[in-house]
Amino acid sequence: MTGARMSTRELSRRSVLQAGLLGVGATAAPGLLGGCGDQTSARMPGLRAGENPWRRFAGTTINFISENTPPTAAIAANLRPFTELTGITVRIANLQLPSLVQRVALDMASGESQYHVVYADPYQVLAPYSGGLTDLREFIDGDGFPPLPRGVGDFVPVQLDAAGRFGTEGPIYTLPYDCPTMIWQYRADLFDKYHDAMASALGFDPTPGPERTWEEYYRIAAWINDHVDEVPYGTGHQAKQHDSLQCDFSNVLWSYGGDYFDGGRKLGLLGVRDPGECTLDSPASIEAAAFYGRLLAIAHPGSTTWDWDGVGAAFRAGQIAMCPNWHEFAASNEQVLKGKVDYAPLPKGPARSANMYGGTGIAVSANAKGAERGAAWLFCNWATAPSTQLANLRSSVGGGTPTRTSVYELPQVRRAEHRPSKLPNMLTRDAVRTAWEPANVGLRPKIPMWNACDTAIYTELSGMIAGESTPAQAMRSAKKQFDDIVARGWVA
């Protein structure tokens, strides 16, 4: 998951994970995790006659490095089923994404394998370091391994490409592991109460849905500012000078027909090493920036200090009536505003509705050897299996939402899409189903140098919002920086 898409409440529940106490079958060590010593040989042990392939690497210890995410929280709290199935011990390092990226880069450069399983963010790990990850077809199509349940075709298609591949449609470097997606979150109780008054004043049905436009979203927010006493502001945003600002703006950018580079869907799904010239100076991109500036001008003033956690907390605290945010905040919303929140795809612009996908996959390090290599694959297989994803969804300490289409078709999951729901993240199912359609999904450029580009765009946007530059100036400055970054190239 790109960035820590969790509320402060969720993080506090998981403070034990950050301290290193990571559940049955998991052990932790301070600082960098220790290697596994002499239990690894360069050659992977073969499957003996009559041996259970899940037990092929029993006695092996592997290290999994992950961002602190809902599925990792759930897995860390309940590793016993994997350990009992395989005889493998898993040690988990939970880190913030920048620290994870740094450690993974150092590990790959060393030629050794401190970390055998890697949470491979598509933009900060997969794109720049795909050469350090294993093509998982080695295991999926190989002999001597348990089959991948339901095969790769069971993963949500856009997620398999966006999180799992780089450059071409052949190699599969990761299996989709989490899938946070930005959607419209709103106080259904207030929209119901004021529906008729809003409709009469605005001249359209204000009910959030795929037919609403960003201009209508603006007008709804402005009306709530002036006429609703229950909340101080109609809308709030994750507009801090941070990755979250890029995320929030990108939805508007794409909906207006703007983009960071030419190449659109292919660039977002498969990625390239050289994306060509930046297109942020296009008329559509400048128009999108101008609208975003207008929207922030009527939003809660705290927006410029909030990331995704901040806007999520403000929404739950009754400070705003609606916001774009990651769908996995639904569980926290339901804890505080039970029955009062609903979800829809983000509004459309002149071109389309665009809903940013922020998912990530897990990978086997190309440096992993011998039994550790095979054990790492068994963990990836198990951690993304439908049965594990269902258990994660039910977890009291995390879980996220599934990346497997078959899980969404289970009767108990289908029932949870409606209140009362024991799986509150499933209340977003209709919205994310629409958001993941090819016409609606929002995909950042999957390029090795995205981290530097990300910093450039959110820095320029922050200055624009503060009145230091016009939308045209901000976009043209960002374009120049993108072009300079790309021109320098990338060497892993």
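This report describes two sheets, a helix pair, a cavity and two backbone details in a predicted model.

## The five-stranded sheet

Five strands, in the order E2-E1-E3-E10-E4, make up an open sheet whose pairing is mixed. The edges are taken by strand E2 (89–95) and strand E4 (175–178), and because each has a single partner strand, one side of each is left without a neighbour in the sheet. From one strand to the next, the twist in this sheet averages 30°. Within the sheet, strand E3 (residues 117–120) and strand E10 (residues 360–364) are paired in the antiparallel sense over 4 bridges, and it is alanine 363 of E10 that stands opposite valine 118.

Two helices lie across strands of this sheet. Helix H5 (residues 97–110) lies across strand E1 (61–67), E2 and E3, and its direction is at about 135° to that of E1. Helix H6 (residues 122–129) lies across E3 and E10, running at about 115° to E3, so that E3 is a strand crossed by H5 as well as by H6.

## The four-stranded sheet

Another open sheet, also with mixed pairing, consists of 4 strands in the order E6-E7-E5-E8. Here strand E6 (233–235) and strand E8 (341–344) stand at the edges, and since each has a single partner strand, one side of each is left without a neighbour in the sheet. The twist averages 25° from one strand to the next.

General chemistry helps in reading both sheets: strands of a sheet pair through backbone hydrogen bonds, either parallel or antiparallel. In the four-stranded sheet, E6 and strand E7 (residues 320–326) pair in the parallel sense over 2 bridges, and tyrosine 233 has isoleucine 320 in E7 as its bridge partner. Helix H15 (residues 308–316) lies across strand E5 (182–187), E7 and E8, and runs at about 150° to E7.

## Helices H12 and H22

Two packed helices are described by the angle between their axes and the distance between the axes. For H12 and helix H22 (residues 450–465), the axes come within 8 Å and cross at roughly 80°; since angles of 65 to 115 degrees count as roughly perpendicular, the two helices are therefore roughly perpendicular to each other. H12 contributes Asp243, Leu245, Gln246 and Phe249 to the contact, while H22 contributes Trp450, Asp454, Ile457, Tyr458, Leu461, Ser462 and Ile465. Taken by class, the residues of this contact divide into 7 nonpolar, 2 polar and 2 charged.

## The second largest cavity

The structure holds 2 cavities of 30 Å³ or more, and the second largest cavity contains about 30 Å³ of space. Its lining is made up of Trp214, His237, Asp248, Asn251, Val252, Tyr292, Leu295 and Pro324, which by class are 5 nonpolar, 2 polar and 1 charged residues.

Helix H12 (243–255) and helix H14 (283–298) each supply at least two residues of this lining, and H12 gives the most, with 3 residues. H12 thus has a place both in the lining of the second largest cavity and in the contact with H22.

## Backbone details in two loops

Which peptide bond is cis, with omega near -5°? It is the bond from arginine 419 to proline 420, and proline 420 lies in the loop between helix H20 (411–415) and helix H21 (429–435).

A separate loop, between helix H7 (137–140) and helix H8 (157–164), holds arginine 150. Although arginine 150 is not a glycine, its phi is positive, at about 65°.

Technical notes:
Residues numbered from 1 in each chain as written. Predicted model: local features only at pLDDT ≥ 70, side-chain atom pairs only at ≥ 80, totals over all residues. Heavy atoms only, no water. 1 Å grid on protein atoms, 1.4 Å probe; cavity = no way out; pocket = protein on both sides within 12 Å on 5 of 7 lines; lining within 4 Å. Points joined across faces, edges and corners; volume = space filled by probe spheres on them. Nonpolar A, V, L, I, M, F, W, Y, C, P; charged D, E, K, R; others polar. Axes fitted to C-alpha atoms, helices over the stretch in contact; angles between N-to-C directions. Parallel < 35°, antiparallel > 145°, perpendicular 65-115°, else oblique. Contact = heavy atoms within 4.5 Å. Pairing = 2+ DSSP bridges.
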